[in-house]
Amino acid sequence: MADTPGASEQEERRRGRPRRRGASEQKSRAIFDAAVKVVGRYGYAEASIARITAQAKVAQGTFYLYYKSRQDLLDQLLPTLGGEMLGFIRERVSGVEGLLEREERRLRAFFAYLDRRPEFYRILHEAETFAPKGHRRHHKMIAEGYVQALHRDFERAGAPARSPQALEATAYILMAARDYLSMRYGHWSGRGERLPEEVVETYIQLVRGGLFEAAGARTPSEIQSKTTGGQS
């Protein structure tokens with residue numbers, strides 16, 4: 001019969017497991033973050049395992065402990081960043097009332113996230129060609145989250161109920177608007193440039209007049225005017 005480890009030895013093994021698990025998660029995250037940097041700089045086509053592991057400062061063999069293949073990692077990039085982005089936006093919108101106030105905060109949070117993760121734009125737009133599975137998963141996840149958020153917002157505002165198809169169409173329209181605004185005022189302009197207030201105002205006016213009119217929502221300038229009593 002094999003010797004049974006003593007209590008002290010068993011306890012030592014239990015203590016060792018969290019440390020090993022923590023180190024493993026750190027390496028996995030290092031490889032993922034390295035892939036984000038590499039794809040953001042060179043694009044998917046030039047994101048070799050050698051480049052990614054060199055950026056992560058790990059051996060190439062270590063890569064296969066966490067990812068089945070290069071494509072496996074590339075397919076995970078966009079959905080993972082999308083989930084990170086959703087969490088970031090939710091934090092910024094938390095506690096904000098009113099349809100337009102919340103939508104304005106979402107737009108600002110989206111640009112704040114792009115400033116934090118400037119690689120996101122290239123990863124998003126090249127994914128359709130180089131990581132189509134991840135591209136589809138990402139858009140499905142973002143749209144479903146947006147539909148749920150809009151449903152709650154309309155309910156909270158006492159606005160007329162909208163069909164699931166109408167809510168989905170609204171979500172995709174807003175996602176498309178953000179995408180093109182991020183191209184013009186994010187990707188082309190580079191980091192460090194603030195989103196112009198007139199752009200935010202125009203976006204909100206369009207959203208109110210075209211999508212949120214039934215809820216009686218107000219633009220940011222109208223909110224400010226009411227708060228200050230119309231004083232400049």
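Which residue takes a positive phi just after helix 4? That residue is Gly 95, with a phi of about 85°. The model described here is predicted. This briefing covers helix 4, the largest nonpolar core and the buried residue Arg 178.

**Helix 4**
- Helix 4 has 24 residues and covers positions 70-93.
- From its first C-alpha to its last, helix 4 reaches 35 Å, close to the 34 Å expected at 1.5 Å a residue.
- A bend of about 30° occurs in helix 4 at Leu 77, and the proline Pro 79 follows within four residues.

**The largest nonpolar core**
- The largest nonpolar core holds 56 residues, and Leu 73 and Leu 77 touch the most other members.
- At least two residues of this core come from each of several helices, including helix 1 (7-42), helix 5 (99-116), helix 7 (132-157) and helix 9 (197-212).
- Helix 4 gives the largest share of the core, 10 residues.
- Apart from neighbours within four places in sequence, Leu 73 is in contact with Ile 31, Phe 32, Ala 35, Ile 52, Phe 63 and Tyr 67.
- In soluble globular proteins, nonpolar side chains tend to be buried together.

**Arg 178**
- Arg 178 lies in helix 8, which spans residues 164-187.
- Arg 178 counts as buried because its relative accessible area is 7%, where buried means under 20%.
- When residues up to four places away in sequence are not counted, Arg 178 touches Ile 89, Glu 103, Arg 106, Leu 107, Phe 110, Tyr 146 and Tyr 203.

Conventions:
Residues are numbered from 1 along each chain as its sequence is written. This is a predicted model: local features need pLDDT of at least 70, side-chain atom pairs count only at pLDDT 80 or more; totals for chains, interfaces and linings use all residues. Side-chain values use heavy atoms; hydrogens and water are left out. Buried means under 20% relative accessible area, exposed over 50%, partly exposed in between (1.4 Å probe, protein chains only). Contact means heavy atoms within 4.5 Å. A nonpolar core is a set of buried Ala, Val, Leu, Ile, Met, Phe, Trp, Tyr and Cys residues joined through side-chain atoms within 4.5 Å. The expected span of a helix is 1.5 Å times one less than its number of residues. The bend at a residue is the angle between axes fitted to the seven residues ending there and the seven starting there.
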